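Subject: A structure for you to look at

Hi there,

Here is the structure I promised to pass on. Please open it and have a look around before you read my notes.

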Amino acid sequence: MDTVLSGIRSTGNLHLGNYFGAVRNFVKMQSDNNCYFFIADYHSLTTYPTPENLHNNVKMVLAEYLASGLDPEKSAIFVQSDVPEIPEFYLLLAMNAYVGELERTTTFKDKIRTQPENVNAGLLTYPVLMAADILIHNADKVPVGKDQEQNLEMARKFARRFNHMYKVEYFKDPEPYNFGEDLVKVPGLDGTGKMGKTAGNGLYLIDDDATIRKKVMRAVTDTGPTEPNSPVAEPIRNLFTIMELVSTPDTLLFFKEKYSDCTIRYGDLKKQLAEDIVRFIKPIRERITDIISDEDYLRKVARLGAEKARTSASKTLKDVRQIIGFRTF
Ligand code: TRP
C-alpha cells in the first residue's frame, strides 16, 4: 500500500476544474492507499490573512473536501497547524537547505517579481516546509500540479541529502504523481484555456443554481457551424467537454449531432448544460452548507485527522532526532 500525500491550499473555493482535475481522484485513491490530505494553513501565512480569514478559509476548504467525498475514516484529513511535529522537523531540515538553492526556485523568483514589497523569509523557506510536510510521513506519491513540481523536487533533494549526510537509508524519494488517464482538464467558460479563478470563468461548488445558470448562459460561443461535419471550434468544444463530465452520453450525442448538421442552437445547448451542472453541483453545495454549520462534526474530523497525522509524524521525528544525535539525559 502506497502512502499518498497532498497539501491543499487554504485560499479560494473549489471550482469544477479542481473537482475533476484533482479532488475526484483523491476520493478514488482513498480505498487502496494510505492517504494524508491536509490543509496547508502555515503556508498561507506568507500572504498575511486576517485572523478571521485564516480560520474561515480553513473551515471552508475542509467542508468542501469533505462534501466532495474525502472520508475521514479512510484517510488522515488534518490541518497542518494541528501537527506541531511539522514545524519542528522544518527547523531541522532548514539547517540543510542552502539559501542559494532556495533563491533559485521559480516560485520564489515569481514572488520577488509579483510582491517585491513583501519578500519574507517564509517565502524563501516555503519548499523546506513543504518538504517537512511530505517527508514526515515518508510519502511515496505526491499528486502535484505543474507549478509545484520544483518544490517536490526540492523535497527529494532534501531527503537524499539527509540520507547521505547521516549515512542512512531513512527517507524514500517521494514521487510526483499525475493521475494519468484520470487527469481531466476542465475548460473555462470564457472560450479559451483552463477553468480558473478569473471572474466568470469558473463554476464553483458553492455556486447557487441561479449563479450557475447565469454563468453558463454567458459562456463564450461563436457564430455557429456553417458547413456540415466541420470540426468543433474551441469555445463550443469546451462546452462539450464540460458536458461530457456532467451530462448523460445521450445528451452529449444529441448536441454533437446537431452541431454536425448545423441545426444546433447554442441557447438550447447552454440551457441543457446549465441544468446538468445544477444537478451535479447542488447536492455537493448542500453538503458543504450542512458541514459548515456543524461545528461538532468539523471538530471531530479535525481531531481524528490530527491524531492519525501525529502518530505517523511523531515516529518520524523521533527517528530523525535519534539519527541526528539528540539524546535525552
Ligand atoms: N504548495 C502547495 C500548493 O500551493 C500546497 C502544499 C503544501 C503541498 N505542502 C504540500 C502540496 C505538500 C503537496 C505536498 O498547492
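Below is what I found, going from the whole chain to the ligand and then to two residues.

Please keep in mind that this is a predicted model.

The whole chain

The chain has 329 residues, and 47% of them count as buried. If you colour by secondary structure, you should find 14 helices and five strands. The C-alpha trace spans about 80 × 45 × 40 Å along its principal axes. Contacts often link distant parts of the sequence: of those between residues at least 6 apart, 78% join residues at least 24 apart. The accessible surface comes to about 16900 Å², with 53% of it belonging to carbon and sulfur atoms. I also looked at the charges: there are 43 positive and 45 negative ones, and their mean positions are 2 Å apart.

The ligand

Which residues surround the ligand? They are L5, G7, R9, F38, A40, H43, Y126, M130, D133, I134, V142 and Q148. Three of these are worth zooming in on. A polar side-chain atom of R9 lies 2.8 Å from an oxygen atom of the ligand. In the side chain of Y126, an N or O atom is 2.7 Å from a nitrogen atom of the ligand. For D133, an N or O atom of the side chain is likewise 2.7 Å from a ligand nitrogen atom. On its own the ligand has 360 Å² of accessible area, and the protein covers 94% of that.

Two residues to visit

Start with N151, which sits in helix 9 (residues 149-165). Is N151 buried or exposed? N151 counts as buried, because its relative accessibility is 1%, and the cut-off for buried is under 20%. Apart from its neighbours within four places in sequence, N151 is in contact with T107, Y126, P127 and M130. You have met Y126 and M130 already, as they are among the residues around the ligand.

Next, go to K172, in the loop between helix 9 and strand 5 (175-177). With 39% relative accessibility, K172 counts as partly exposed. Leaving out neighbours within four places in sequence, K172 is in contact with L135, N138, D140 and A159. One of these, D140, has a side chain that makes a polar contact with the side chain of K172, at 3.0 Å. To get a feel for distances, try K172 and G267: they are 95 residues apart along the chain, and their C-alpha atoms are separated by 54 Å.

Have fun exploring!

Best wishes

Notes: Residues are numbered from 1 along each chain as its sequence is written. This is a predicted model: local features need pLDDT of at least 70, side-chain atom pairs count only at pLDDT 80 or more; totals for chains, interfaces and linings use all residues. Side-chain values use heavy atoms; hydrogens and water are left out. Helices (H or I, at least four residues) and strands (E, at least two) are DSSP runs, numbered from the N terminus. Buried means under 20% relative accessible area, exposed over 50%, partly exposed in between (1.4 Å probe, protein chains only). Contact means heavy atoms within 4.5 Å. Accessible areas come from the Shrake-Rupley method with a 1.4 Å probe; for residues, only the protein chains shown count as cover. Lys and Arg count as positive and Asp and Glu as negative; His and the chain ends are not counted. The place of a charge is taken as NZ of Lys, CZ of Arg, CG of Asp or CD of Glu. A residue is near a molecule or strand if one of its heavy atoms lies within 4 Å of it. A polar contact is a pair of N or O atoms within 3.5 Å; within protein, one must be able to donate a hydrogen and the other to accept it, and residues adjacent in sequence count only if both atoms are side-chain atoms.
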